[in-house]
Amino acid sequence: MAKQNGRGAYTQLFDELFAITLDKGEILLTGPIDNEMARDLALGLNYVDSLGVAPKLRLCSGGGDVYAGLRIYDMLSARPNLVCLVEGLAASAAAPRPTST
């Protein structure tokens, strides 16, 4: 799930932080909503499911691709025990949708 974005040490630090939080059942989603983010979320959710803990999503995004956002929404809707924390911004395709109970 490492992202190559030319920022060197910053990217390595982010990847290490991502791995540490993932081991605690937390998934970080930051930046634009796109197919790469949807893929990373699927991998992260599968890993957290293998840990046997309730996933916690930490989200900060200004939005992005609507189709990737719908894929992400479908993945999250399938997990009723998911906790979603918005840290900063969740706009457009990243905005949490109301759910019925």
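Two residues are said to be in contact when heavy atoms of theirs lie within 4.5 Å, and packing in this tour is meant in that sense. The model in your viewer is a predicted one, and each stop below suggests what to select and then says what is there.

**The whole chain**

Begin with the whole protein chain shown as a cartoon, and follow it from the N terminus, where the elements run in the order α-β-α-β-α-β, giving three helices and three strands. Of the 101 residues, 30% count as buried, while the chain exposes about 6100 Å², of which carbon and sulfur atoms supply 58%. If you consider the contacts between residues with a separation of 6 or more, 77% of them join residues 24 or more positions apart.

**Helix α3**

Now select helix α3, residues 66-77. At 1.5 Å a residue, its 12 residues should span 16 Å, and this agrees with the 16 Å found between its end C-alpha atoms. Colour Ala68, Gly69, Ile72 and Leu76 next, for these are buried residues of α3. They cover an arc of only 100° around the axis, and therefore they sit on the same side of the helix. An α-helix has 3.6 residues a turn, so residues three or four places apart point the same way. Which elements do the buried residues of α3 pack against? Show α2 and β2 together with the helix, since it is against these two elements that the buried residues of α3 pack. Then turn the view to the face that points away from the buried side, where you will find the exposed residues Tyr67 and Asp74.

**Ser61 in strand β2**

From α3, move on to strand β2, residues 56-61, and select Ser61 within this strand. Is Ser61 buried or exposed? Its relative accessibility is 2%, so Ser61 counts as buried, given that the limit for buried is under 20%. Leaving aside residues up to four places away in sequence, Ser61 touches Gly31, Pro32 and Ile33, and also Leu89, Ala90, Ala91 and Ala94.

**Glu26 and a network of salt bridges**

Next select Glu26, which has its place in strand β1 and is buried, with a relative accessible area of 12%. Apart from residues up to four places away in sequence, Glu26 touches Thr21, Lys56 and Arg58. Select Leu45 as well, and you can check that the C-alpha atoms of Glu26 and Leu45, which stand 19 residues apart along the chain, are separated by 9.2 Å.

Side chains of opposite charge can pair when their charged atoms come close. The side chain of Glu26 meets that of Lys56 in a salt bridge, at 3.8 Å from N to O. This pair links distant parts of the chain, since Glu26 is in strand β1 (residues 26-30) and Lys56 is in strand β2, 30 residues apart. Lys56, at 29% relative accessibility, counts as partly exposed.

Keep these side chains visible and add Glu87 and Arg58, which form a salt bridge whose closest N and O atoms are 2.9 Å apart. Here too distant parts of the chain are linked, for Glu87 belongs to strand β3 and Arg58 to strand β2, 29 residues apart. Both partners are partly exposed, Glu87 at 36% relative accessibility and Arg58 with a relative accessible area of 23%. With the four side chains on screen, you are looking at a network of salt bridges that links Glu26, Lys56, Arg58 and Glu87.

**Arg79 and Asp49**

A search of the whole structure finds five salt bridges, and one more of them deserves a stop, namely that between the side chains of Arg79 and Asp49, at 2.8 Å from N to O. Arg79 is in the loop between α3 and β3 (83-90), whereas Asp49 is in helix α2, so the pair, 30 residues apart, links distant parts of the chain. Arg79 is buried, with a relative accessible area of 18%, but Asp49 counts as partly exposed, at 37% relative accessibility.

**A nonpolar patch on the surface**

For the last stop, switch to a surface view and select Tyr47, Leu51 and Val53, which form a nonpolar patch with about 220 Å² of accessible area together. Leu51 is found in helix α2, residues 35-51, and is partly exposed, with a relative accessible area of 35%.

Key
Residues numbered from 1 in each chain as written. Predicted model: local features only at pLDDT ≥ 70, side-chain atom pairs only at ≥ 80, totals over all residues. Heavy atoms only, no water. Helix = DSSP H or I, 4+ residues; strand = E, 2+ residues; numbered from the N terminus. Buried < 20%, exposed > 50% of the residue type's maximum accessible area, 1.4 Å probe, protein only. Areas by Shrake-Rupley, 256 points an atom, 1.4 Å probe, with all protein chains shown as cover. Patch = residues over 30% accessible without salt bridge, like charges linked within 9 Å, V, L, I, M, F, W, Y side chains within 5 Å. Expected span 1.5 Å × (residues − 1). Arc of directions from axis to C-beta.
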